[in-house]
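This report describes one protein model, going from its overall surface and fold to a single loop residue. Please read it alongside the sequence and coordinates shown here.

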Amino acid sequence: MLCRDATREDAAAIGSVHVAAWRAAYDGLMPAEFLAALDPEHARRRWEQWLATGGSLLVVESNGAVAGFCLYGCSRDPDATAAVGEVIAINLHPAFWRQGLGRALLVAAASRLRAAGFTEATLWVLEGNQRARRFYETLGWQPDGVERVETHLTGSPLPELRYRIVIAD
């Protein structure tokens, strides 16, 4: 297992992981037609564009293949202070679930955020995504009481909870 900065050459693998992870993790939580329409090639192009901007993106490899990724940076929340970073996205191919790779990826992202001077980190999770919520809670993340309903992504209301952790030394 290896966590490292993503490169533009990783975009196709990241796109494939993104689609596979969403289809598995959000089955029953997002509209089936939305999940079925996800396209790895479209995702590849979006990740290539993101990587061209120099955004903060980690990948985790297993046996030399990209198994997951984590996008992180400054919090995008309107109530955030400059001390709050955010795990914007973390996805692991379902073939690699429950093998410690997601944990390694999240710990590496939190370490990068701490090194960048953030003292806390947040992330958003679908309220109904019990698997992800248990995963975050096992690693010390807790809901901070802030909720929202996302409607732009799928056109359907998606209730989300914000989780938070202190990452300062």
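## Surface and charge

The accessible surface of the protein comes to about 8,800 Å², with carbon and sulfur atoms accounting for 51% of that area (Shrake-Rupley method, 1.4 Å probe). This is a predicted model, in which local features need pLDDT of at least 70 and side-chain atom pairs count only at pLDDT 80 or more, while totals for chains, interfaces and linings use all residues. Residues are numbered from 1 along each chain as its sequence is written, and side-chain values use heavy atoms, with hydrogens and water left out.

## Overall fold

The protein has five helices and seven strands (DSSP runs, H or I of at least four residues for helices and E of at least two for strands), which run β-α-α-α-β-β-β-α-β-α-β-β from the N terminus on. Its radius of gyration, taken over C-alpha atoms, is 15 Å, close to the 15 Å that the globule rule (2.2 Å times the number of residues to the power 0.38) gives for 169 residues, so the protein is as compact as a globular protein of that length.

## The loop at Thr154

Thr154 lies in the loop between strand 6 (142-150) and strand 7 (158-166), and counts as buried because its relative accessibility is 18%, where buried means under 20% relative accessible area with a 1.4 Å probe and protein chains only. Leaving aside neighbours within four places in sequence, Thr154 is in contact (heavy atoms within 4.5 Å) with Met30, Pro31 and Phe34.

Key. Buried means under 20% relative accessible area, exposed over 50%, partly exposed in between (1.4 Å probe, protein chains only).
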